[in-house]
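Me: Please take a close look at one part of this protein for me. I would like to study the place where its two domains meet, and then a few residues elsewhere.

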Amino acid sequence: MRHRILSKDSLAGFLEELRAEYTVFAPRQDTKVPSKTVWKELQQDEVPDFRFVNTDMSPKHFMFPQSECMLRYEDPAAPVLAPVEHDSRKRLLLNVRPCDARALAFMDTVFCQDQRTNDAYWQEKRNRTVMVGLACNNPCPTCFCHQANSGPHDETGLDLLLVDLGNRLLAKPLTEAGKSMAAGLPDAEEEDILRGKELMQRAHEAMPPVIATDNLEHRTLLELYNLPYWKRVCETCINCGTCTFVCPTCHCFDIQDETTPDGGKGRRVRNWDFCMAPLFTLHTSGHNPRGEKAARVRQRFMHKYKYIPMRQPAEVGCVGCGRCVRLCPVNIDIRDVINAMNQG
């Protein structure tokens, strides 16, 4: 598909045309905490931010809300759970970073493995969402996407990829939806396409190798499982769960039934949970297979870099977005942990 050019001066008009079909969301500076960038709906007079590094929270909540009502009953005489009516608007996520789009493509393999296990709640939101990506020209020092099956200009999972050329955007349609969005834009010149490739090369060169995984595939499960290193990580970790909540590929959840005190109304709710929480694996018998903190800390890293590759060769449960490195309150760096797992 042909590259197109979008002038930032004409961006408002471009967005206005998109709003005729989609509700548009994009990263914007938080009005309460100016140092943060958050996802919000773009209003008519607003334009997206092109200078942000990345949002603290990934866009996974658009498909997998932090708390979601799945079923509900409101008649105490007939307390039968019934489906909840959901928002059916088509959505456009603008300026999605490539690592986050890659993460959502990975999550598709978790929530929609086959016809028998498809998660209808995830699939419904995924079907009415299109994504326009914004390539990373200046990766953050904590990023390592190029070593986690992604990259600063990765196209995976996107419908259209934008590359910031300064006062213009190079637009590369990747799907029929992206082609439709860019249909009214002028063709890019050859020098614009070459400039985009140059920026991609620079972004890759700015990201030196920081993790080693060459031994991970060959190390046995028990060898990694019994590493003394886990006790050292455990002594630092405070089990706050920040790394899991900001992670674009973490997907643990809990389902609870809630009723009003008189039992007149009730609902079934799915909430985010995390594997390092003490109650996450607590059985009704009282037995907890991961009762020790070290076991829970180990689970997070083993899941991403050993268990998932065992089931999905060449895949890992991480896209190198660096959020967990940047936001961990006790400075645990997943890159150090992976290197330790690799070295033994």
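Reply: What follows starts at the domain interface, moves on to the salt bridges, and ends with three single residues.

This is a predicted model. Keep that in mind as you read.

**The two domains**

Start with the bounds. The domain assignment gives domain 1 as residues 4–206 and domain 2 as residues 214–343. Taken over C-alpha atoms, the centres of domain 1 and domain 2 lie 25 Å apart.

Now look at where they touch. On one side, 42 residues of domain 1 make contact; on the other, 41 residues of domain 2 do. How much area do domain 1 and domain 2 bury between them? The value is about 3500 Å², and 56% of it is on carbon and sulfur atoms. The size of an interface is often given in this way, as the accessible area lost when the parts come together.

Next come the polar links. Across the interface of domain 1 and domain 2, 22 residue pairs are in polar contact, with both residues at pLDDT 80 or more. Which elements give two or more residues to the domain 1 side? They are strand 4 (67–73), helix 2 (98–111) and helix 3 (120–127). Helix 2 supplies the largest share of that side, with nine residues. By type, the domain 1 side that touches domain 2 holds 22 nonpolar, eleven polar and nine charged residues.

Charged pairs also cross the interface. Between domain 1 and domain 2 there are five salt bridges. Find R102 and E315 in the structure. Their side chains form a salt bridge, with N and O 3.0 Å apart.

**Salt bridges**

Now widen the view. The total count of salt bridges is 24. Three pairs are worth finding.

Take D119 and R270. They form a salt bridge whose closest N and O atoms are 2.7 Å apart. This pair links distant parts of the chain, 151 residues apart. D119 sits in the loop between helix 2 and helix 3, while R270 belongs to strand 11 (residues 266–272). Are these two residues buried or exposed? Both D119 and R270 are buried.

Take K172 and E155 next. The N to O distance in their salt bridge is 2.6 Å. These two residues are 17 apart along the chain, and they too link distant parts of it. K172 lies in strand 9 (residues 168–173). E155 lies in the loop between strand 7 (129–134) and strand 8 (160–164). K172 has 26% relative accessibility, so it counts as partly exposed. E155 is partly exposed as well, because its relative accessible area is 32%.

Some salt bridges share partners. In this way E68, D119, K125 and R270 are joined into one network. Two of those names, D119 and R270, are the buried pair from above.

The third pair is R89 and D87. Their side chains meet in a salt bridge at 3.0 Å, N to O. R89 has a relative accessibility of 41%, so it is partly exposed. D87 is partly exposed too, because its value is 35%.

**Three single residues**

Begin with N95. You will find N95 in strand 6 (residues 91–96). Its relative accessibility is 0%, so N95 counts as buried. What does the side chain of N95 reach? It reaches the backbone oxygen of D49, at 3.1 Å. Leaving out residues up to four places away in sequence, N95 touches P27, W39, P48, D49, F50, F52, V132, G133, L134 and L162.

Go on to A203. This residue is in helix 5 (residues 190–205). A203 is buried, because its relative accessibility is 0%. Setting aside residues up to four places away in sequence, A203 touches C136, N137, P139 and P152. Compare its position with that of C324. The two are 121 residues apart along the chain, and their C-alpha atoms are separated by 21 Å.

Finish with P83. It belongs to strand 5 (residues 82–83). Is P83 buried or exposed? P83 is exposed, because its relative accessible area is 71%. Beyond its neighbours within four places in sequence, P83 is in contact with M70 and L71. From P83 to L71 the C-alpha distance is 4.7 Å, although the two are twelve residues apart in sequence.

Key:
Residues are numbered from 1 along each chain as its sequence is written. This is a predicted model: local features need pLDDT of at least 70, side-chain atom pairs count only at pLDDT 80 or more; totals for chains, interfaces and linings use all residues. Side-chain values use heavy atoms; hydrogens and water are left out. Domain bounds come from an automatic or database domain assignment. Contact means heavy atoms within 4.5 Å. Buried area is the accessible area (1.4 Å probe) that two parts lose on being put together, summed over both. A salt bridge is a side-chain nitrogen of Lys or Arg within 4 Å of a carboxyl oxygen of Asp or Glu. A polar contact is a pair of N or O atoms within 3.5 Å; within protein, one must be able to donate a hydrogen and the other to accept it, and residues adjacent in sequence count only if both atoms are side-chain atoms. Helices (H or I, at least four residues) and strands (E, at least two) are DSSP runs, numbered from the N terminus. Ala, Val, Leu, Ile, Met, Phe, Trp, Tyr, Cys and Pro count as nonpolar, Asp, Glu, Lys and Arg as charged, and the others, Gly among them, as polar. Buried means under 20% relative accessible area, exposed over 50%, partly exposed in between (1.4 Å probe, protein chains only).
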